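Dear colleague,

Please find below the structure that I am handing over to you. My notes on what was found in it follow directly after it.

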Amino acid sequence: MFKLSIFKNEDNSDKLREKYHGADSLPLKVSIKAGWRMIKLFWGSKDSIFAWFLLLCIVALTGGAIYLAKVINTWYKEFWDTIQNYDLEGFKYQLMVFVVLATIHVVVSVYNSYLRSKLAIHWRKWFTNKVIHDYIDADTYYKMQLEDRKTENPDQRISEDLNGFVGSSISLILGTASDLAMLGTFGVVLWDLSHAVTMTLWNGYELHLPDGYMLYLACAYAFIGTLLTFWIGKPLVKLNFRQQRYEADFRFSLIRVRENAESIALYKGTDSEEKILNVSFLDVVKNYIKLIKREKKLGFFTLGYAQTAVIFPILISAPMYFAKVITMGSIMQINSAFGRVQDSLSTVISSFSSWASYKAVTDRLALFFDSMDSSLGILCLESKKGESSDFEVSKLNVNSPSGAKLWKNIDFKLAKGDSLLIRGPSGCGKSTLIKTFASIWPYAQGDVVIPKDANTLFLSQRPYLPLGTLREAISYPGQISNDGSIERYLNELNLSHLIENLDVKDNWSSILSLGEQQRIAIIRALLIKPQMLFLDEASSAMDENIEQKSYKLLKDNLPDTIMISVGHRSTLLSVHRYALLSEDDASWKFTEASAV
């Protein structure tokens, strides 16, 4: 697991988690801490060796690009001086030099971009595989739903936010490092070009400018611009965070409509669904309008700032030119050097929206990973491996998440080949008891002992059918069966019409009725042959005749399997040996099914 919880070392960590989960953003200090942990996770692993090689190549190319920029800066002076001196041969020579420099610049830039993309996909592949493993491992995806309902849209965080974090980390961090190197290189150049000069203004007033004055002015210009940009653009962080959330919620609403298309059509719920979708999309639109209005304000300033930066270096170098200290070529060189320094110092201004989006992505991932880490504290009652072939439950208490008692001090034992039917009113906790047997329910205490080396299978009311061929869906999660068993069971369960489509790929969960899907699940159990089989209303959509036939098939083909079912129909009593009946006040009764 990641161990990236951003609150685990803090006092009152539970209160902090409650405060920030569901919030629009995290404090900047927390975001930086979380981002550093996520970056270190990959770059400190043994799988990052190739990434370090790519990074070394990128740094070398970036260094070459900076040196090349300095050479081109010098070329500016020489080129414009040849023009000022009407030197035709020198002009032709400088054009040839430019072709060489431009060619090298193109090659370096293209390979720099290519290697950055290669590094991004390598990092993203590792990061995504790691997140998927930890999200699936130890039923984390399930436990997160039990206690943390504020961590919404994990699918988006894994598919989009991870990609955004990796891509932005590379572009923004390497870009900032490159800007700092560029600042150091051209800061020296600009200093060397800024000679002390005295300029007479009005009424004989003289302005004394010291050595390096253009570097000072560039720093002041960028500093003031950065402060104003931060002040104007600060709301973008929260707006970007909200936009990601609203977009994900809207997409999830659309997915829900597709997944429940049949139910919505049967309910004639088109108008209601349209209202729900419109409300969800309205959140997207409202926040987006706020976002673009704030970006408009920021755009006015940043574009105006950039346009002023075009003329500003010429204005500040003009005193030396009119004092005949420098040439026209020197002005162009100063203009280029100032632009490099100003761009480096203004990196926050030029990429503030990108930094705001990066912080929003970092915050979303930080909260997501914190939820994953905190789910480790949700401990489910683990079934124990016994020494015999019996299934035994002793002193088992099962509660709801709110603490209400559902089952109290259950004790019973099932031998090889026994079957048990769990019955009771709706809401009494029958399915919860099955979840407890499956070791995925944390609100239980007691002992559950399963047979030694037992292979267990749980069939729910709505079976899971993965995408792929029907044969693959039936065989899931075991090996694909091609020995004719599937065809034989399909015939026996009145599903012979599906045989010709066994090797057809489709979304079978939306094609087959629930009753057909439940019969598919019965065939799945017949193929897997578990030592313990749990059926949670797994035949509720079948007619009684098919239900009886399904249980007869299970009994005949799995004579040694311990079978535990949940169901309401009284006809199920005849195909089970025992019954566990839920009674008032979480009490229960274990009896022969024939006696019920």
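At the N-terminal end of helix 4, D87 acts as a cap: one of its side-chain oxygens lies 3.4 Å from the backbone nitrogen of E89. Please bear in mind throughout that this is a predicted model.

Helix 4 covers residues 88–136, which makes 49 residues. At 1.5 Å a residue the helix should span 72 Å, and its end C-alpha atoms are 71 Å apart, so the expected and computed values agree. After the helix comes A138, whose phi is positive, near 55°.

One residue within helix 4 is V97. Is V97 buried, exposed or partly exposed? Its relative accessibility is 24%; because buried means under 20% and exposed over 50%, V97 counts as partly exposed. In sequence, V97 and I72 are 25 residues apart, while in space their C-alpha atoms are 9.4 Å apart.

I turn next to a sheet. Four strands form an open sheet of mixed pairing, in the order 3-7-4-5. Its edges are strand 3 (384–385) and strand 5 (405–414), each of which pairs on one side only. Strand 4 (residues 391–399) is joined to strand 7 (residues 444–450) by five bridges in the antiparallel sense. As part of this pairing, V393 has V448 in strand 7 as its bridge partner. Helix 14 (residues 430–437) lies across strand 4, strand 5 and strand 7, and it runs at about 125° to strand 4.

The last element to describe is strand 12, which comprises residues 562–566. With which strands does strand 12 run parallel? Strand 6 (residues 419–423) is joined to strand 12 by four bridges, and the two run parallel. Strand 11 (residues 532–536) is joined to strand 12 by five bridges, also in parallel. I564 of strand 12 is the bridge partner of L420, and I564 is likewise the bridge partner of F534. From strand 11 the chain passes through helix 19 (residues 544–557) to reach strand 12, and this β-α-β crossover is right-handed.

How many of the five residues of strand 12 are buried? Five of the five are, and the strand is mostly covered. In a regular strand, side chains alternate between the two faces of the sheet. In strand 12, I562, I564 and V566 lie on one side and M563 and S565 on the other; all of these are buried, so both faces are covered.

Yours sincerely,
A colleague

Terms used: Residues are numbered from 1 along each chain as its sequence is written. This is a predicted model: local features need pLDDT of at least 70, side-chain atom pairs count only at pLDDT 80 or more; totals for chains, interfaces and linings use all residues. Side-chain values use heavy atoms; hydrogens and water are left out. The expected span of a helix is 1.5 Å times one less than its number of residues. A polar contact is a pair of N or O atoms within 3.5 Å; within protein, one must be able to donate a hydrogen and the other to accept it, and residues adjacent in sequence count only if both atoms are side-chain atoms. Buried means under 20% relative accessible area, exposed over 50%, partly exposed in between (1.4 Å probe, protein chains only). Two strands pair if DSSP finds at least two bridges between them. A crossover is right-handed if, with the strands pointing away from the viewer, the path from the first strand over the helix to the second runs clockwise. Contact means heavy atoms within 4.5 Å. Axes are lines fitted to C-alpha atoms, for helices over the stretch in contact, and angles run from 0 to 180 degrees between N-to-C directions.
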